[in-house]
Protein chains: 2
Amino acid sequence: MTHPKFKRLPKHIGVIPDGNRRWAVGQGLPKQDGYRRGLEPGMMLYELCLELGIPELTFYGFTQDNTKRPAVQTRAFQKACVDAVRMLANRDAALLVIGDYDSPLFPRELLEFKERKTFGRGLIKINFLVNYGWKWDLNHLMRDSLMAGKGGSRNVIQYIASRDISRVDLIIRWGGRRRLSGFLPVQSIYSDFYVLDDLWPDFKKEHFYEAMQWYENQDVTLGG
Amino acid sequence: MTHPKFKRLPKHIGVIPDGNRRWAVGQGLPKQDGYRRGLEPGMMLYELCLELGIPELTFYGFTQDNTKRPAVQTRAFQKACVDAVRMLANRDAALLVIGDYDSPLFPRELLEFKERKTFGRGLIKINFLVNYGWKWDLNHLMRDSLMAGKGGSRNVIQYIASRDISRVDLIIRWGGRRRLSGFLPVQSIYSDFYVLDDLWPDFKKEHFYEAMQWYENQDVTLGG
């Protein structure tokens, strides 16, 4: 397969796959039917990242905020996350699932991915945020630093719950909203943020290339 | 004075006034000369917020990351911050300066604003981030929760260094970069993010109204 050449690539892409419910409504379907239409785009995106040699990819599965939605929707996005991880567990990937494992809203089937598991040649690290909450993530700062007795340490990142996820270079959000909605606040500090108006189930590979073309022309300053 | 009517207003606006150095270079001036050209736009923005009745405004002054720049630039943005706070201290505003007070890079003249000081009728809360660092902010989570012995608490916000700054509804960034660059990671979790390509010294009130018009058409979900 051929793809455009880029002079500079992100090492880690974060994906906010928004717009599933709006897509379903637009099709005259119940809102919860939108989520399973997000699986195929996720696989396409995985393939595109693999082709370009992107080393790490994080999907925003669902959040603790999201679980305040009607139960039928919650069940639908839980299932979509389980299916997505299973689909990738047959491919070349090193999978990690991060979220509040202790809550009944965390799908049992994904507990085995609390530690990163490598499949095939493990060509790409893929992280799924599942029942993730930014408060849950940052609360570990308090809890773990307390246990370690290192309250004065300067290294914030080593104490958050999502410490096994690296800094995100580029966040791509589908569905038009220009906000992070709690996505990895620490790893997103310096991220470039690209928003597509298209809804996630309408994913096209051109969206991805458009984001990559934009990204290659950004400078990296890390706040300096 | 007249201004457009908006059906929905943000309660708290964050401002990332980027592009001062690029503006100076474009004018054939030394980079550090750009910073003082950011004062007048700041006053204009304050006036516009006052007219609309916006209750809180946070300016990104300078960060600990920024102080890695050449000393002549660091001195220039330190001075611009001191001047900005002094200009507003003669107006109707309740001023607070947040940043690493213990560092020699924090301007001594601003220490009196560690606690919020009200001037005139105190019509608007204005926060300045001065020698601010996201790590510095979050490190208080570790330190203060340790001292309070409340490591298991769920209330992250009450332990960060910037706890006196409320959640930001709308962040407006000048200078074209689509990134937060460490701006209040906790308060920005749900913020809508509007980016203008114009450089901050080229501020026009139309930029502000454009951002407000965009904002009034966003929905507020707080991640739900």
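User: Which strands of chain B does α3(B) lie across, and at what angle to β5(B) does it run?

Analyst: The model is predicted: local features need pLDDT of at least 70, side-chain atom pairs pLDDT 80 or more, and totals for chains, interfaces and linings use all residues; side-chain values use heavy atoms, without hydrogens and water. Residues are numbered from 1 along each chain as written, with chains lettered from A and ligands numbered from 1 in written order. Helices (H or I, at least four residues) and strands (E, at least two) are DSSP runs numbered from the N terminus; axes are lines fitted to C-alpha atoms, for helices over the stretch in contact, and angles run from 0 to 180 degrees between N-to-C directions. α3(B) lies across β2 (56-63), β3 and β5 (125-132) of chain B, and its angle to β5(B) is about 165°.

User: At what angle to β7(B) does helix α5 of chain B run?

Analyst: Helix α5 of chain B covers residues 205-216 and lies across β1 (12-17), β6 (170-174) and β7 of chain B. Relative to β7(B), helix α5 runs at about 145°.

User: Which residues of α3(B) make the contact with α2(B)?

Analyst: α2 (residues 39-52) and α3 (residues 71-88) of chain B pack at about 35°, their axes being 10 Å apart. From α2(B), the contact (heavy atoms within 4.5 Å) takes Leu39(B), Met43(B) and Tyr46(B). α3(B) supplies Ala80(B), Asp83(B), Ala84(B), Met87(B) and Leu88(B).

User: Which strands are at the edges of the open sheet in chain B?

Analyst: The sheet has 7 strands in the order β4-β3-β5-β2-β1-β6-β7, with mixed pairing (a pair needs at least two DSSP bridges). Two of these strands pair on one side only: β4 (117-119) and β7 (192-196) of chain B.

User: What is the bridge partner of Ala94(B) in β4(B)?

Analyst: Strand β3 (residues 93-98) of chain B runs antiparallel to β4(B) and is joined to it by 3 bridges. Within β4(B), Ala94(B) is partnered by Thr118(B).

User: Why is one side of β4 and β7 of chain A left without a neighbour in the sheet?

Analyst: Chain A has an open sheet of 7 strands, ordered β4-β3-β5-β2-β1-β6-β7 and mixed in its pairing. β4 (117-119) and β7 (192-196) stand at the edges, so one side of each is left free because each has a single partner strand.

User: Which residue of β4(A) is the bridge partner of Ala93(A)?

Analyst: β3 (residues 93-98) of chain A and β4(A) run antiparallel, joined by 3 bridges. The partner of Ala93(A) in β4(A) is Phe119(A).

User: What angle does α3 of chain A make with β5(A)?

Analyst: Helix α2 (residues 39-52) of chain A lies across β1 (12-17), β2 (56-63), β3 and β5 (125-132) of chain A, at about 160° to β2(A). Helix α3 (residues 71-88) of chain A also packs on the sheet and touches β2, β3 and β5 of chain A. With the direction of β5(A), α3 makes an angle of about 165°.

User: Which residues of α5(A) make the contact with α2(A)?

Analyst: α2(A) and α5 (residues 205-216) of chain A pack at about 45°, with 10 Å between their axes. The α2(A) side consists of Leu45(A), Leu48(A), Cys49(A), Glu51(A) and Leu52(A). The α5(A) side consists of Lys205(A), Phe208(A), Tyr209(A) and Met212(A).

User: What axis relates chain A to chain B, and which residue of chain A comes closest to it?

Analyst: Superposing chain A on chain B (least squares on C-alpha atoms of residues with pLDDT of at least 70 in both) takes a rotation of 180° with 0.0 Å of shift along the axis, at RMSD 0.0 Å. That is the relation of a two-fold axis. At 2.5 Å (C-alpha) from the rotation axis, the closest residue of chain A is Met142(A).
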